[in-house]
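Biologist: Please take one part of this model and look at it closely. Start with the contacts there, and then show me how the rest of the chain fits in.

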Amino acid sequence: MNATVAAILALAVGTYAFRLVGPVLHGRVTLPPRVQELLSAGAVVLLVALLATGALTEAGTFAGWARPAGVLVGAVLAWRRAPFAVVVLGAAGATAALRWAGVA
């Protein structure tokens with residue numbers, strides 16, 4: 001067995017174990033309210049960091065102004081509770097329009 005296959009199998013087993021822990025420990029482990037708050041805040045921070053890196057960088061450099069503007073349009077539409085298709089099309093349309101106008 002080569003090293004790549006072994007690594008893939010180890011990651012598959014680890015992923016399955018993480019997915020299995022939730023249902024198995026559901027009623028047995030209770031977390032204090034403060035820990036639950038910290039976990040919720042941590043999840044939000046991770047999502048914002050992912051959004052920022054995806055919206056602002058491309059190949060390790062600044063992606064230009066069109067992409068962050070499109071993300072901002074999508075965020076505003078989502079905040080206003082627009083349907084998902086409208087959010088996606090609005091963000092893509094804003095980015096495309098800015099790039100068509102010459103904004104990098």
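Modeller: Let us start where helix H3 meets helix H4. From H3 come Ala66, Arg67, Ala69, Gly70, Val73, Gly74, Leu77 and Ala78. From H4 come Val86, Val87, Gly90, Ala91, Ala94, Thr95, Leu98 and Arg99. These two sets are in contact, and contact means heavy atoms within 4.5 Å. Helices (H or I, at least four residues) and strands (E, at least two) are DSSP runs, numbered from the N terminus.

A word on the source. This is a predicted model, where local features need pLDDT of at least 70 and side-chain atom pairs count only at pLDDT 80 or more, while totals for chains, interfaces and linings use all residues. Residues are numbered from 1 along each chain as its sequence is written, and side-chain values use heavy atoms, with hydrogens and water left out.

Now the geometry of the pair. H3 covers residues 66–79, and H4 covers residues 84–100. Their axes lie 8 Å apart, and the packing angle is about 155°. Axes are lines fitted to C-alpha atoms, for helices over the stretch in contact, and angles run from 0 to 180 degrees between N-to-C directions. H3 and H4 are therefore roughly antiparallel. The cut-offs are simple: under 35 degrees is roughly parallel, over 145 roughly antiparallel, 65 to 115 roughly perpendicular, and the rest oblique. The crossing of H3 and H4 is right-handed. In a right-handed crossing the near helix is turned clockwise from the far one by less than a right angle; anticlockwise would make it left-handed.

Take two residues of H4. Thr95 sits in this helix. Thr95 is buried, at 14% relative accessible area. Buried means under 20% relative accessible area, exposed over 50%, and partly exposed in between (1.4 Å probe, protein chains only). Leaving out residues up to four places away in sequence, Thr95 touches Ala66, Arg67 and Gly70. Ala97 also belongs to H4. Ala97 counts as partly exposed, with 43% relative accessibility. Its C-alpha atom is 9.4 Å from that of Gly70, though 27 residues separate Ala97 and Gly70 along the chain. So Gly70 turns up with both H4 residues: it touches Thr95, and its distance to Ala97 is the one just given.

Between H3 and H4 runs a loop, and Arg81 is in it. Arg81 is exposed, with 76% relative accessible area. Its phi is near 65°, a positive value in a residue other than glycine.

H3 has a second partner, helix H2. H2 covers residues 33–56, and the axes of H2 and H3 come within 8 Å, crossing at roughly 140°. That makes H2 oblique to H3. On the H2 side, Leu51, Gly54, Ala55 and Leu56 make the contact; on the H3 side, Arg67, Pro68 and Val71 do. Arg67 is also among the H3 residues that meet H4.

Next, the stretch before H3. Ala59 lies in the loop between strand S1 (57–58) and strand S2 (61–62). Ala59 is exposed, with a relative accessible area of 81%. Like Arg81, Ala59 has a positive phi without being glycine, here near 55°. A little further along, Ala63 is in the loop between S2 and H3. Ala63 is buried, at 14% relative accessible area. Setting aside neighbours within four places in sequence, Ala63 contacts Ala55, Leu56, Thr57, Glu58 and Ala104. The C-alpha atoms of Ala63 and Thr53 are 9.7 Å apart, and the two residues are 10 places apart along the chain.

Step back to the whole chain. The protein chain has four helices and two strands. In sequence order the pattern is α-α-β-β-α-α. Its radius of gyration is 20 Å, well over the 13 Å that the globule rule gives for 104 residues, so the chain is more spread out than a compact globule. That radius is taken over C-alpha atoms, and the rule is 2.2 Å times the number of residues to the power 0.38. The C-alpha trace spans about 55 × 45 × 25 Å along its principal axes. Of the 104 residues, 11% count as buried. Among contacts between residues at least 6 apart in sequence, 37% join residues at least 24 apart.
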